[in-house]
Structure formats: C-alpha cells, structure tokens
Amino acid sequence: MMFGKKTKGFCVDFGDQAVLLARLSQEEPPLVVEELKEFAATDTEGLQAYLKTTEGKGPTGYAHARCGVYPARRLIRRHTMDLKRVKEPAYVPEVLAQTFRVEAEKYTTLILNPTDGSEYDLAKGNQKEALFCGVPADDIVHWQDKMLEFGLYPERLELGTVATLGALVSYQKFKQSKTPLLLLEMGDEATQCFILTADGVDISRPIASGIAGMIPVVQKELGLKDEESAKKLFYSNTFDFTSMGGTLIKKLLKELQSSIGFYEVQTGQSIGSVLCTQLPPSLAWLSPTIAGSLGVNPFKAELLPWTQSLGLTLAPGVTLAAPDERWLGLFGLMASYNHGPVAEQKG
C-alpha cells in the first residue's frame, strides 16, 4: 500500500530508551523534516496522543510510517560464505542453525552485502562475504500489533541496527574517513559489537555481556544489601560511577579487546573511535569510559551536512537535540528512501 495523497511520510525509531520520530513533507525525496519528536520508550500514552492529533495521517486514520525496531533476539552477523555450497537450498538454514544457533523456520532473514547494504544474490552466489540479518517471526507480529495500538501503520518494519549501520557507513564515506569505527549497541543482557569503515561492515559479533551484568559489581563495590538497591542507584543519575567505570566494564572490555585485537592483526588497521548507542541518559558516562579504556576517542558526528547531501533538510525551526549521534538510526531510516536497498519487512 502506498501513502495516501494527503499522507505525509513518518519515520519512527523505537530504541530501547527513547522513541524518535520524524514527520516528513512527503514520501519522495527531496525530503523536508517538518517535525522531530522524542518520547521516553515507556511513554506509550504520549506517543499515542501525539499521533492522534498530528496532521498528515492517511484516510485510514493511521500515520503511515517506516519503523525501526531493536528486538533483543535480532541477528546481524557477517559471515564468509562457502561459494561451493551457497546455491544449495540447505546451505542458508544450515548456517543459521550451526553458526548462529537460530532456528531458520522461526526467523525471517535477509542476506545483505556488507559493503553497500544491497541484497545478496544467492542465485549468483559469487560474493564471499555476506551480512545475515534476521528477526524472529513472532517479534515481527508483536511489533506490528504494537504499532497499530500506537496509531501507526508500518509501511516498512526494519531492524534499526541495520539502518544505523547504513547511516554510519554513509557518514564515514561522506567525511572520507579512513579510520575504523567500533559501534556498541548495549542491551540489558548482551552487547552487539560492530567494526565498520566507509567501505562497509567488517566485523559483527554479539557479546554476552550487557548493562545488567554491571549491577552485581555495583552491589559488591558499594556494599549494598541487594541487587535491587544497586539497580536503582545505578540508573538514578544521583551517583557518579565514573571512578569505578573501569571495574564495571571489565568483563565487556576483555571481550572487546579480543575482537579489536583480532581485527587489527587481520587488517593492519587500528580503531579510531567508539560509539555506544541504546544507553539511558543516566549511563551516558559509559561511552567515554569505554573509549578511554580502549585508548580511543568517543565518536562525534555532525549530521546536518551529511543529511543535506542525501536530499534531507530540516524545516526552519526544526533542530536536533544534542548529541547528534542519537539520531543516526532515525536518519538511517529516512536516508534509505532514496539510497540503496535496505533490510526490510513489509508492514
């Protein structure tokens, strides 16, 4: 279904901590961002109320949107294909089951080229490297139902991680950056770790160490009576954890150093900067702490010159709330209106 004639485009990025939304002038480039909104991830009522009153909805009464989501069980993994077997029908399900430990029949997957995000051609089967992107079919149904509850009709449902990776590769190209970037999407139980350059995604790896793993360390270090008290204090933004940051990220750091070490030996390139996404504002100190421990700078972006190069402009009076990096996933969704194929699920 295409947008109705009076419908404007909407893009919504459903992050773990915040929902970022853009209302666009139209569905086709050049796109003008007429409004940017932010809601706490828990503020369902605020988002519903906004969508009820906003202009630009189609005749169905729903805001037709391209949506980015971050399901905990998402799969984004680079893999070296066995070109002798790639055309066999059993090959892809076998990689999913044996290498990535997921049940192929329960996942919706799309295989991309890690260099430009275009769809991998299994029929040709001549590309050695591939990026497997997948999400459990149950999660797609869950998110589609959720969107309709909000008042959104998902024209496309995409993995926000893929949109973010696409935005970062495009941004690095725009800046003509030569140095690799480490992207960490930090969840409660796990951290998705990527190393990318202007030439695409070089490494992708899930690390079984997330934010929740730091709470027992907080409890022990501060001598608190239980984990619940430690959790409250950890997320409260009333205590400065910077001094014990090194202790809190010890386990994660060990895993990161091994991934980075392997990458640097393989490519001869050193990581230039690190970007942590999906963190609550109270844990913003984690980003510079991880960067400092790895001996690199936190990644900083100036998105506006880049977005303009993609035919995206902000209407007068529309501004990005700092820091710019938070908006990468949302702009990645918008940029793909006219730039290359992206991983998608039809709404």
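Strand 9 and strand 12 (residues 273–277) pair in the parallel sense over five bridges. In this predicted model, strand 9 also pairs with strand 10 (residues 191–197), here in the antiparallel sense and over six bridges. A separate topic is the open sheet of three strands, ordered 5-7-6, with antiparallel pairing. Threonine 115, in the loop between strand 6 and strand 7, rounds off the briefing.

**Strand 9 and its partners**

- Strand 9 spans residues 181–186.
- Toward strand 12, leucine 183 has leucine 275 as its bridge partner.
- Toward strand 10, glutamate 185 stands opposite glutamine 192.
- Strand 9 and strand 10 form a hairpin, and four residues lie between them.
- In general, the strands of a sheet pair through backbone hydrogen bonds, in either a parallel or an antiparallel arrangement.

**Burial of strand 9**

- The strand is mostly covered, with six of its six residues buried.
- Both faces of strand 9 are covered.
- One side carries Leu181, Leu183 and Glu185, all buried.
- The other side carries Leu182, Leu184 and Met186, also all buried.
- Glu185 is thus named twice here: it is buried, and it stands opposite glutamine 192 in strand 10.

**The 5-7-6 sheet**

- The three strands form an open sheet in the order 5-7-6.
- Strand 5 (75–80) and strand 6 (107–112) stand at the edges; each has a single partner strand, so one side of each is left without a neighbour in the sheet.
- Neighbouring strands of this sheet are turned against each other by 25° on average, direction ignored.
- Strand 5 pairs with strand 7 (residues 129–136) in the antiparallel sense, over six bridges.
- Within that pairing, histidine 79 has alanine 130 of strand 7 as its bridge partner.

**Helix 2 across the sheet**

- Helix 2 (residues 91–99) lies across strand 5, strand 6 and strand 7.
- The helix runs at about 110° to strand 5.

**Threonine 115**

- This residue is found in the loop between strand 6 and strand 7.
- Threonine 115 has a relative accessible area of 45%, so it counts as partly exposed.
- Leaving aside residues up to four places away in sequence, threonine 115 touches Val169, Asp199 and Gly200.
- Serine 229 lies 114 residues away along the chain, and the C-alpha atoms of threonine 115 and serine 229 are separated by 45 Å.

Notes: Residues are numbered from 1 along each chain as its sequence is written. This is a predicted model: local features need pLDDT of at least 70, side-chain atom pairs count only at pLDDT 80 or more; totals for chains, interfaces and linings use all residues. Side-chain values use heavy atoms; hydrogens and water are left out. Two strands pair if DSSP finds at least two bridges between them. Helices (H or I, at least four residues) and strands (E, at least two) are DSSP runs, numbered from the N terminus. Axes are lines fitted to C-alpha atoms, for helices over the stretch in contact, and angles run from 0 to 180 degrees between N-to-C directions. Contact means heavy atoms within 4.5 Å. Buried means under 20% relative accessible area, exposed over 50%, partly exposed in between (1.4 Å probe, protein chains only).
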